[in-house]
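Visitor: Could you take me through the salt bridges here, up close? I'd like to know which parts of the chain they link.

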Amino acid sequence: MTSDLARSVLDACRRVLPAQRPLPLHEPMLGASERAYVDECLRSGWISTAGPFVERFEAALTTLTGARHVVATVNGTCALHAALLAIGVAPGDEVLVPSLTFVATANAIAYCGATPHFVDVSTRTLGVDPTALEAHLSAHAERDAAGARNRTTGRPLKALIVMHTFGHPADMAALRALTARWGLLLVEDAAESLGSSCLERHTGTLGDIGILSFNGNKIVTTGGGGAILTDDPRLARCARHLCTTARIAAGAGFVHDRVGYNYRMPSLNAALGLAQLERLPQLLTAKRLLAHRYTEAFADLAGATFFRPTAPEDSNHWLNALVLGPEHADSLSDVLATLDGDGIGARPVWTPMHQLTMYANAPRMALTNVESFARRIVNLPSSPALAGLTA
Ligand SMILES: *Cc1c(COP(=O)(O)O)cnc(C)c1O
């Protein structure tokens, strides 16, 4: 049954979106420059990790983000894994992480043998809520010279991972103060926020270490890819070493001084990424325009609010989100089905991490906002082409 709300949401979407159907949730923008760079890479004969484009891609990311060191990786998930290993996350540790995130953020903690400790998000940012986290830590953690510890489990609280949801920056000023107060390392999962900034710095460069993703659905893609960002030369060296099978030149060959990983980005993907980065300014303009159009189209809608961050000019607006009113949570499947019936690729947000089987028993704080958002968020088509951008 189509409710009035579902019909109004569909009408508003039709006012924003072109007539073409079906409209996927997110499509990359690929054109002649991508073809030219990939062709150049193919002609060089160096298509794997030793190729010339990886260094060029890393240099371009260094310039763009302002990070002192960039390590390009096979994907964002392995970038997170290597970043956590580099800062010393080890079996027995707990790592604070929002429950509202893509599963990769929590999985990377588990890959290290550590335990995710789920935290709630802010209604203003959709990222980690510093006030609620401070209250939780005050009640359930203690801090000594060695760092913070969970008083209930006795395990060290090693780090906080912040995720910039849908590209909107989290409240990094408050979160940096919190992690400094509690002796926590600060990791940014900036997988969704290439082009977003906070406190005049690119997201992913405000903590000890950060990561980006270049998956096919992100604002910029390398097919599959990721990057580790840090200003700390020691962390950069360690991350690069871990991602390169922990290889050390020895005579004519190599030795490996620990269990490393084959996580370095191939040159072929970096070539694609280099062309994509040149497009970033236009992609950002298109994304901001599309978000603006959605904002206007939903302005008078009763029963749902288009999510706007507090500083829209700092966001890349990677993925647009409509939030149903609390009294309309029951209409979520109706709204999704109505949009889908019209060929509009809308999606619910991720199932919260603490509701997944493998993390059901993980430590957590009250996750009121995460649970509420999970029942009310509708992600809307967000491809840059929807704002008229062409390759
Ligand atoms: C996309 C994404 C990642 C990394 O994904 P990959 O597909 O491995 O590149 C990590 N965290 C979040 C929040 C993401 O959206």
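Guide: Let's fix the term: a salt bridge here is a side-chain nitrogen of Lys or Arg within 4 Å of a carboxyl oxygen of Asp or Glu. This is a predicted model, so local features need pLDDT of at least 70 and side-chain atom pairs count only at pLDDT 80 or more, while totals for chains, interfaces and linings use all residues. Residues are numbered from 1 along each chain as its sequence is written, and side-chain values use heavy atoms, with hydrogens and water left out.

By that rule you get 12 salt bridges. Start with Glu58, which pairs with Arg240 at 3.4 Å between the closest N and O atoms. Glu58 sits in helix α3 (residues 53-65) and Arg240 in helix α8 (residues 233-243), so the pair ties together parts 182 residues apart in sequence. (Helices, H or I of at least four residues, and strands, E of at least two, are DSSP runs numbered from the N terminus.) Glu58 is buried at 7% relative accessible area, whereas Arg240 is partly exposed at 32%. For those labels, buried means under 20% relative accessible area, exposed over 50%, and partly exposed in between, with a 1.4 Å probe and protein chains only.

Glu58 also forms a salt bridge with Arg264, at 2.6 Å from N to O. Arg264 lies in the loop between β13 (253-256) and α9, so this pair ties helix α3 to a part 206 residues away in sequence. Both Glu58 and Arg264 are buried.

Then there's Arg279 with Glu34, whose closest N and O atoms are 2.7 Å apart. That one links helix α9 (residues 267-298), home of Arg279, with helix α2 (residues 32-44), home of Glu34, across 245 residues. Arg279 and Glu34 are both buried.
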